[in-house]
Amino acid sequence: MKWNKLTIETTTAAEDMLSYELQEMGIEGVEIEDHVPLSEEDRKIMYVDLLPDEIAPDDGTAKISCYVDEKDDLDAVVAKIRDKIEELSAFMPMGTGKITFDVTEEEDWINNWKVFFKPFRLDDNIVIKPTWETLTDQKEDDIVIEIDPGTAFGSGSHETTKLCISQLKKYMKKDTELLDVGTGSGILSIIGLKLGAAHAVATDIDPNAIRATEENFEINHVSDGQAAVFQVNILDEKEAAGFYEKNGGKQYDIIVANILADVIIPLSGIVSPLLKEDGVFITSGIINTMEEAVKEAMLSNHFEILEINHMKDWVNITAKKAAAGR
């Protein structure tokens, strides 16, 4: 199978927002290339050192590449991207906006990026390790998660995933029943289990994500008794009913959803019955311009917001069911 590769010339100021909008369009495999130097924090948590002559000077430019199925209407996709660039240019510098084209085989797309995915430390004791890499700096109390994300979102390196992980560490208990909505590569379910969750259920609408999650469960020695994976769209009434039936009306201590604001908003209106009375709803994937909309949806659906956290342009909102009568 072949894919049309589109590369957009833009700015570092616009790269997060434009990447978000491309994902909102349903475009696959968004990649960012820029010359922003690593922060001191990045240098501390990464295992790989980048030599000075490997990094070009930061000139404020960036390139965003994405992939479009050769069967899709390429002209229509490009037109949508150009319209979005023009719309965003009213709010931020977008650069040249030039779009260049290439064609790649699926195997190349899936495998070539692996050279850039190295082990990294999320915090003091959680390490994400690609399956093809070897750890050289492992501490005695490290929780090591082996991940092969494939084409599914969720290696742990993105700010939204990090925000969710910090909240899982805070609210996880040893008897926790965890529901991971939009699991991607299964990373949040695996970390939840490593942190002591009794059981995890992972859901996604993408069959590639389901396959990646099942493979990552196996790699991390997650047994059938510890976790289950379902391909289901919980926002779809018929599919959700089938999922609820299979789970016997089970309720969860924690529901984590690292998706997008436009999914979290309607999700907040239907997820409450799945939560125990003292259950916690952890959300991320929220671009900062959508923070208020998600917050309003949470409050209108009878959630009490426990905390809101930010990392770069991304937001985590953690909530619980409001007390009866509120």
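**A tour from the sheet to the helices**

Select strand 11 (residues 252–258) and strand 12 (residues 275–287): the two run parallel and are joined by six bridges. Keep in mind that this is a predicted model. Now pick isoleucine 255; opposite this residue, in strand 12, stands phenylalanine 281.

Next, add helix 10 (residues 291–300). Helix 10 packs on the sheet and touches strand 12, strand 13 and strand 14 (314–321). Its direction makes about 160° with that of strand 13.

Now show the whole sheet. It is open, has seven strands in the order 10-9-8-11-12-14-13, and its pairing is mixed. Look at the edges: strand 10 and strand 13 (303–311) each pair on one side only. On average, neighbouring strands are turned by 15° against each other, direction ignored.

Move to helix 7 (residues 207–219). At 1.5 Å a residue, its 13 residues should span 18 Å, and the end C-alpha atoms are indeed 18 Å apart. Colour Ala209, Ile210, Ala212, Thr213, Asn216 and Phe217, the buried residues of helix 7. Look down the axis: these buried residues fall within an arc of 165°, so they line one face of the helix. What covers them? The cover includes strand 7 (143–147), helix 6 (187–194), strand 9 (199–204) and strand 10 (227–231). After helix 7 comes histidine 221, with a positive phi near 60°.

Finish at helix 1 (residues 15–24). Eight of its ten residues are buried, so the rest of the structure largely encloses this helix. Select Glu15, Asp16, Met17, Leu18, Ser19, Tyr20, Glu21 and Leu22 to see the buried ones. Just after helix 1, glycine 26 has a positive phi of about 85°.

Notes
Residues are numbered from 1 along each chain as its sequence is written. This is a predicted model: local features need pLDDT of at least 70, side-chain atom pairs count only at pLDDT 80 or more; totals for chains, interfaces and linings use all residues. Side-chain values use heavy atoms; hydrogens and water are left out. Buried means under 20% relative accessible area, exposed over 50%, partly exposed in between (1.4 Å probe, protein chains only). Helices (H or I, at least four residues) and strands (E, at least two) are DSSP runs, numbered from the N terminus. The expected span of a helix is 1.5 Å times one less than its number of residues. The arc is that of the directions from the helix axis to the C-beta atoms. Contact means heavy atoms within 4.5 Å. Two strands pair if DSSP finds at least two bridges between them. Axes are lines fitted to C-alpha atoms, for helices over the stretch in contact, and angles run from 0 to 180 degrees between N-to-C directions.
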